[in-house]
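Reader: I would like to learn how to read cysteines and nonpolar cores in a model. Please take me through them in turn.

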Amino acid sequence: MDLKPKKQKELNNEERMFLGAVEKGDVAGAKRALSEATERHINKSCKDSLGRSALVIAIENENGELVESLLAADVELEDALLYAIREEYVEAVEMILTHQLQKYGEDYLQTEFESNTFTLDITPIILAGHIDNYEIIKMLLDRGYRIPRPHDLTCHCDDCLKGSTDDVLGHSRARINAYRALASPSLIALSSKDPILTAFELSWELRNLSELENEFKTEYQELGKICQQFSVDLLDEIRGSKELEVILNHDSRSPDDDQNKENKKLNRLKLAIKYKQKRFVSHPNCQQLLASKWYEGLGNFRRKPAIKQLTIALTICFLFPVLSMIYMVAPHSKFGKLCRKPFIKFLLHAASYMSFLGLLIMVSQRIENPLFFLFPFDETKKKELRGKPATIVEMMILCYVLGLIWSEIKQIWMQGALEYIHDMWNILDFVTNSLYMATFTLRLLAFIEVYHERAANNPYAYEERKHWDAYDPNLIAEALFAGANIFSSLKLIYIFTINPHLGPLQISLGRMVADIVKFISVYFLVLFSFACGLNHLYWYYAALRAEECEAGVTHSCDIKYRSFANLFEILQSLYWAFYGLIELDNAHLDEPHKLTELVGKLMFGSYSMIAIIVLLNLLIAMMSLSYQMISSQADEEWKFARSRLWISYFAEGATVPPPFNIFPSPKSFTNTVASVKNLLLAHTAEQKTAKWKNVRSTVSNINKREIRYQVVIRKLISRYIMNKQRPQKDEIVSQDDVNELKQDISTFRFELMQVLNSNGFETPVIHQAKTSSKKDRMWKNLSVATDTNPEQLLEEAGLIDE
């Protein structure tokens with residue numbers, strides 16, 4: 001690569017006067033110089049000390065008449081279009097594009113040029129996207145400019161491999177520049193038929209890129225926020241409920257007509273939740289529509305006093321078995337339709353789950369009959385037997401668990417396995433149900449085993465609990481059931497999301513769980529490291545104490561000598577030492593090996609200092625930071641979490657809560673018969689005719705919905721652009737405004753002098769003013785310094801040989 005810079009050609013006096021006339025806005029003088037360029041030896045494309053041509057100077061000064069004259073004189077364009085776009089000089093952009101089309105024809109889009117200011121990946125449309133100028137972007141799109149979609153980060157095509165090999169930084173910067181242009185709100189509004197969907201998808205893509213390309217994580221996150229803000233700004237332009245419903249219910253893939261009230265499924269809002277567009281979902285417009293749909297069918301329930309609301313909710317919860325059976329028998333009756341309302345459905349499921357927890361509490365208190373207050377059971381008759389049959393309460397719990405499993409299966413069928421596992425609450429439900437099923441399976445195996453033992457007159461079948469084997473199926477089942485009981489009780493936290501006071505706490509708890517997982521990964525590394533070191537010191541003494549205990553030495557049987565017996569015991573001891581339950585005496589040795597004992601105690605103390613003082617305070621700091629982050633945007637986080645909960649009850653189906661959902665209803669029987677009938681008659685002429693009519697109706701509905709959506713989205717885009725172009729009241733005067741005013745005054749002065757000269761008046765000769773701008777003086781000095789002796793500079797830098 002040639003590192004020697006190109007020495008700029010020295011300007012003659014005529015060229016200096018020509019550039020000075022352009023700089024001062026002397027249109028007549030510049031035109032005269034252009035017309036006499038050959039006689040006066042003027043290079044029309046000459047550049048000043050800053051590397052600016054006459055066309056670039058005219059663009060920076062926003063002198064349209066000079067730009068037009070220079071283009072008419074066919075000066076070299078080079079990167080003038082990019083300068084015009086950067087200065088947001090719309091008239092110059094239009095003139096240059098027209099000149100390009102006349103000069104190069106249809107091939108002007110592929111024209112390449114060198115530029116010292118802009119990199120090769122910066123095209124006119126990309127630069128226009130960076131500055132987000134609506135007029136320029138529209139002009140370029142109309143002329144055929146497009147931004148190619150960047151390749152995937154893991155792409156292995158020849159271009160990506162070559163770019164990542166030759167210039168890694170340039171390749172990454174080109175990707176960021178492309179995405180910065182694609183994230184331009186004006187570009188999205190002009191180039192996308194569905195700007196809201198495009199903003200969602202681009203925001204999600206940028207979110208993934210920020211996690212994959214950590215070096216530019218901040219840049220990608222900022223671009224993702226721009227996309228999110230654009231969708232929120234469009235939502236701000238909605239002026240009525242009809243427009244809001246058209247936007248939030250739109251789904252181009254669904255054949256249903258969203259004008260029908262039964263088909264208003266809020267598909268666009270569900271998509272926003274899927275892409276985690278929290279600002280969009282928590283917007284007041286979305287929340288108002290969600291709330292109206294959540295309390296649909298309840299009249300003025302929200303305006304009632306809190307006491308009346310609580311009374312109505314408790315009454316519905318208490319009557320959930322009756323309402324569930326009514327819906328199963330008569331789903332289209334008045335009460336059946338009431339059960340399908342989202343809020344009522346939520347109350348039915350909440351009441352059902354509270355009843356399930358009540359049964360779990362009965363089992364934990366060893367209550368075998370749910371009507372224990374009417375039919376008390378003699379406590380003296382209770383006896384723990386291996387493989388005893390299930391009680392009434394346990395059978396009811398089994399029915400509930402089967403109902404919960406069936407609900408999860410239907411949810412997987414409707415959502416898909418991939419979307420199902422993305423919700424951590426679904427994973428918790430899966431683990432809990434698996435533990436319950438493992439419990440009932442072990443209880444069944446124990447019952448069968450005891451049955452065979454009793455048939456063989458094996459006395460072990462009648463042994464008391466204290467004589468059971470340590471890994472008896474009954475004991476394992478009880479351990480699994482205890483864990484499942486804890487998880488079931490913790491599921492109540494999910495219901496807290498609906499409360500404005502407990503909801504943010506539940507979200508903070510979820511974030512803290514993630515912090516605890518990160519902390520555990522570091523803590524167990526420290527734990528294992530110290531456990532290995534202590535095991536190397538104490539293995540001999542622990543084995544010696546065990547031999548002495550077997551030989552009958554009572555002192556050696558003390559439990560403290562087991563604390564460092566092996567690696568597993570040491571891991572347990574260090575873990576409990578974290579809570580202060582292990583004393584320093586456990587590291588004492590009976591042998592006079594003071595050095596070994598000292599090293600062991602130092603290691604134990606070092607572990608305590610690192611684990612308790614350093615790591616524990618680190619965990620506290622991480623959890624505090626998570627809580628502060630949630631608190632700073634508590635309203636947005638809570639509304640987004642609440643919306644996810646509400647949306648789950650808007651879908652059709654899953655109306656009947658467990659355990660009633662495991663029983664077949666007349667509705668399910670009717671649907672099954674209709675499906676079988678359609679399957680058997682699918683090949684008849686009538687069915688084929690009906691199928692084609694249905695296809696035509698579906699296409700018609702999709703076209704109507706698309707037209708309706710496009711009308712609304714165009715209105716939103718128009719309002720958005722008008723508000724964006726409207727000047728702000730608090731806009732301050734910038735340096736560019738001052739320079740533009742100075743240029744207008746200078747141009748007016750030269751025009752006035754031209755008029756006076758043409759009418760015979762004497763006017764003074766105005767010499768070229770010196771550059772007064774500090775920035776211009778700095779660049780001029782830098783240019784002079786670098787142009788004096790470039791070979792000497794390269795020699796001093798060691799880049800060329802002497």
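Author: What follows takes the cysteines, then the nonpolar cores, of this predicted model.

Reader: What is a disulfide, and how many are there here?

Author: A disulfide is a covalent bond between the sulfur atoms of two cysteines. The count here is one disulfide. Cys549 and Cys557 form it, with their sulfur atoms 2.0 Å apart. The link of Cys549 and Cys557 is right-handed, at 105 degrees about the S-S bond.

Reader: Are Cys549 and Cys557 buried, exposed or partly exposed, and why?

Author: Cys549 has 29% relative accessibility, so Cys549 counts as partly exposed. Cys557 is partly exposed because its relative accessible area is 38%; the buried class ends at 20%.

Reader: Why is Cys155 not bonded to Cys157?

Author: The closest cysteine sulfur to that of Cys155 is in Cys157, 3.4 Å away, which is too far for a bond. The cut-off is 2.5 Å. Cys155 is partly exposed, at 24%, whereas Cys339 is buried, at 2% relative accessibility.

Reader: Now the cores. Which residues touch the most other members of the largest nonpolar core?

Author: In soluble globular proteins, nonpolar side chains tend to be buried together. The largest nonpolar core here has 137 residues, and Phe18, Ile59, Phe280 and Ile397 touch the most other members. Helix α21 (residues 342–364) gives the largest share of this core, 13 residues. Another core lies apart from it, with 24 residues, including Tyr523 and Phe578.

Reader: What is Ile59 in contact with, beyond its neighbours within four places in sequence?

Author: Its contacts there include Val67, Ala80, Tyr83, Glu87 and Ile96.

How values were computed
Residues numbered from 1 in each chain as written. Predicted model: local features only at pLDDT ≥ 70, side-chain atom pairs only at ≥ 80, totals over all residues. Heavy atoms only, no water. Buried < 20%, exposed > 50% of the residue type's maximum accessible area, 1.4 Å probe, protein only. Core = buried A, V, L, I, M, F, W, Y, C linked by side-chain atoms within 4.5 Å. Helix = DSSP H or I, 4+ residues; strand = E, 2+ residues; numbered from the N terminus. Contact = heavy atoms within 4.5 Å.
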